[in-house]
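Trainee: Please give me a close look at a single part of this model. Start with the cysteines, then work outward to the rest of the chain.

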Amino acid sequence: MAQEYDLVILGGGTGGYVAAIRASKLGLKTAIVEKRELGGTCLHRGCIPSKALLRSAEVFKQTKEADRYGISTENPTLNFTKVQERKQSIVDTLHKGVQGLMKKGKIDVFEGFGRILGPSIFSPTAGTISVEMNNGEENEMLIPKNVLVATGSRPKSLPGLEIDGEVVMSSDEALHLEELPESIIIVGGGVIGIEWASMLADFGVKVTVLEYLPHILPTEDEDISREMLKQMKKKGVDIVTSAKVLPDTIEKDNGVKVDAEVDGETVTYEAERMLVSVGRSANVDNIGLENTDIQVENGIIQTNDVYQTKESHIYAIGDVIGGMQLAHVASHEGMIAVEHMADQNPHPMNQDQVPSCIYSNPEVSSVGLTEKAAKEKGFDVKVGKFPFQAIGKALVHGETDGFVKIVADKESDDLLGVHMIGPHVTDMISEAALAQVLDATPWEIAETIHPHPTLSEAIGEAAMAVDGNQIHG
């Protein structure tokens, strides 16, 4: 039986379900089509489970170092089964919360795989959704006024380095490890690769990271990348940059062995497992895009600044449109798209105002332009930098590595970017993001009174350091 809606959303991940709630609050009759679980990759195979494991790794590391704080803990041991149980409990709790939000918003959820149909007896324009139900029942036909594609992404691999889920894993399989390997090769030194390297090293796994580019975390400020390299080496992680992995050399007898070209030489690397972390591919296949005029380039759906596709009633958000593949970005894009459908005239998102976070130990967070990007855009920059080792609260925590770096325009004094590496910086970046939104200057950040003792004092000191006025350095 065909059912009519104001909005049907393909995908119930973070972007999709947030958009559905916003649509419900705006009075739109809304449905979500989701093949797997509400909450999507972020809740079940990404943000939340990985951060739960990172927290356990952090606590384990702190416990082993407890003697520094005057606390004796003899031979602490890791129960990885309980670590995984705690992770799953957190995921299950949040999953129930999302399900409750759908009921509260009177949002219909269809458990199945949705495809966009072309013009048909149901509608003269493309957009009717045929749902292949998980329970095997007859397909549901949904006739919406608007469609939002929020189907997310999946882990990429390298040709010849296919994921088998056992020896060669993506992050999806790694999250469900029943026991830790003694050693692992991580192919890729980007955000996900470094988070896993940090976590596994803190759990006691011997980690080797093979990164193709000259620097790990290549999208971050170069000072951040260098500091992270230093901190990973302190953990015992073997970081190899400018390493071209040769997939056709892989051997999977009794673990995994693979060659890589490094500085003109071929080097062999061996470990018990391999984690491939080389980015993600948008889920655009088999969802009916070919039945529409939607433009897809390099596997990415093309949209305007309010996320409309070439079919003005079909929108797309999140990983399927490329850009910053972050959960909070997808959520914000979803709200903008829905508000546009409802004639609310939303403000387009400015990517220079979007914070990004890396939950390794130490953490990384940033917003705005890196120093290099600012110079490439023609700005005459001035930089303020302040170390956590001069911050009392960092000493109290016993975590003094890292710094806050602020990039500003010499001519206008405008804030261009803020970059942090150190303790709890993912919880501090919102101040900098607000400053970006308000087009603040370093002077205005410095004039903001930062309470003492707090880690956030490093932001105030870095802001003063832009003009050489820092107090404690």
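Mentor: Cys47 is partly exposed, because its relative accessibility of 29% falls between the 20% and 50% limits. This is a predicted model, so read every value as computed from predicted coordinates. The partner of Cys47 is Cys42, and their sulfur atoms lie 2.5 Å apart. That pair is the one disulfide that the structure holds. Cys42 is buried, because its relative accessible area is 16%, under the 20% limit. The link thus joins a buried residue, Cys42, to a partly exposed one, Cys47. The angle about the S-S bond is -125°, and the link of Cys42 and Cys47 is left-handed. Cys357 takes no part in a disulfide. The nearest cysteine sulfur to Cys357 belongs to Cys47, 11 Å away. Cys357 is buried too, with a relative accessible area of 16%.

Next, the charged pairs. Side chains of opposite charge can pair when their charged atoms come close. A search of the whole structure finds 22 salt bridges. One of them joins Arg22 to Glu339, with the closest N and O atoms 3.0 Å apart. Arg22 belongs to helix α1 (residues 14–25) and Glu339 to helix α8 (residues 327–341), so this pair ties together parts that are 317 residues apart in sequence. The two ends fall in separate classes of accessibility. Arg22 counts as partly exposed at 23%. Glu339 counts as buried at 18%.

A second salt bridge pairs Glu132 with Arg115, and here the closest N and O atoms are 3.1 Å apart. Glu132 is in strand β4 (residues 129–133), Arg115 in strand β3 (residues 108–116). The two are 17 residues apart, and the pair links distant parts of the chain. Glu132 is partly exposed, because its relative accessibility is 40%. Arg115 is partly exposed as well, with a relative accessible area of 25%.

Now a third pair. Asp221 bridges to Lys405, with the closest N and O atoms 2.8 Å apart. Asp221 sits in the loop between β9 (206–210) and α7 (222–235). Lys405 sits in strand β22 (residues 403–409). They are 184 residues apart, so this is another link between distant parts of the chain. Both Asp221 and Lys405 are buried. The pair does not stand alone. Salt bridges with shared partners join Asp221, Asp223, Arg226, Glu371, Lys375, Lys385 and Lys405 into one network.

For an uncharged view of packing, take Tyr269. This residue lies in strand β13 (residues 265–271). Tyr269 counts as buried because its relative accessibility is 12%, under the 20% limit. Leaving out residues up to four places away in sequence, Tyr269 touches Ile185, Thr208, Leu210, Val240, Val256, Lys257, Val258, Ala260 and Val262. One of these, Lys257, is twelve residues from Tyr269 in sequence. In space, the C-alpha atoms of Tyr269 and Lys257 are 5.7 Å apart.

On the surface, look at Val437. This residue is in helix α11 (residues 429–437). Val437 is partly exposed, because its relative accessibility is 48%, under the 50% limit. Together with Leu434 and Leu438, Val437 forms a nonpolar surface patch. The accessible area of these three residues adds up to about 300 Å².

Last, the whole chain. The chain has 13 helices and 23 strands. Its radius of gyration is 24 Å, and the globule rule gives 23 Å for 473 residues, so the chain is as compact as a globular protein of that length. Along the principal axes, the C-alpha atoms fill a box of roughly 70 × 60 × 45 Å. Of the 473 residues, 52% count as buried. Take the contacts between residues at least 6 apart in sequence: 62% of them join residues at least 24 apart. The chain exposes about 22,200 Å². Carbon and sulfur atoms supply 48% of that exposed area.

Note on methods:
Residues are numbered from 1 along each chain as its sequence is written. This is a predicted model: local features need pLDDT of at least 70, side-chain atom pairs count only at pLDDT 80 or more; totals for chains, interfaces and linings use all residues. Side-chain values use heavy atoms; hydrogens and water are left out. Patches are made of residues with over 30% relative accessible area and no salt bridge: like charges are joined within 9 Å, nonpolar side chains (Val, Leu, Ile, Met, Phe, Trp, Tyr) within 5 Å. Accessible areas come from the Shrake-Rupley method with a 1.4 Å probe; for residues, only the protein chains shown count as cover. A salt bridge is a side-chain nitrogen of Lys or Arg within 4 Å of a carboxyl oxygen of Asp or Glu. Helices (H or I, at least four residues) and strands (E, at least two) are DSSP runs, numbered from the N terminus. Buried means under 20% relative accessible area, exposed over 50%, partly exposed in between (1.4 Å probe, protein chains only). The radius of gyration is taken over C-alpha atoms; the globule rule is 2.2 Å times the number of residues to the power 0.38. Contact means heavy atoms within 4.5 Å. A disulfide is a pair of cysteine sulfur atoms within 2.5 Å.
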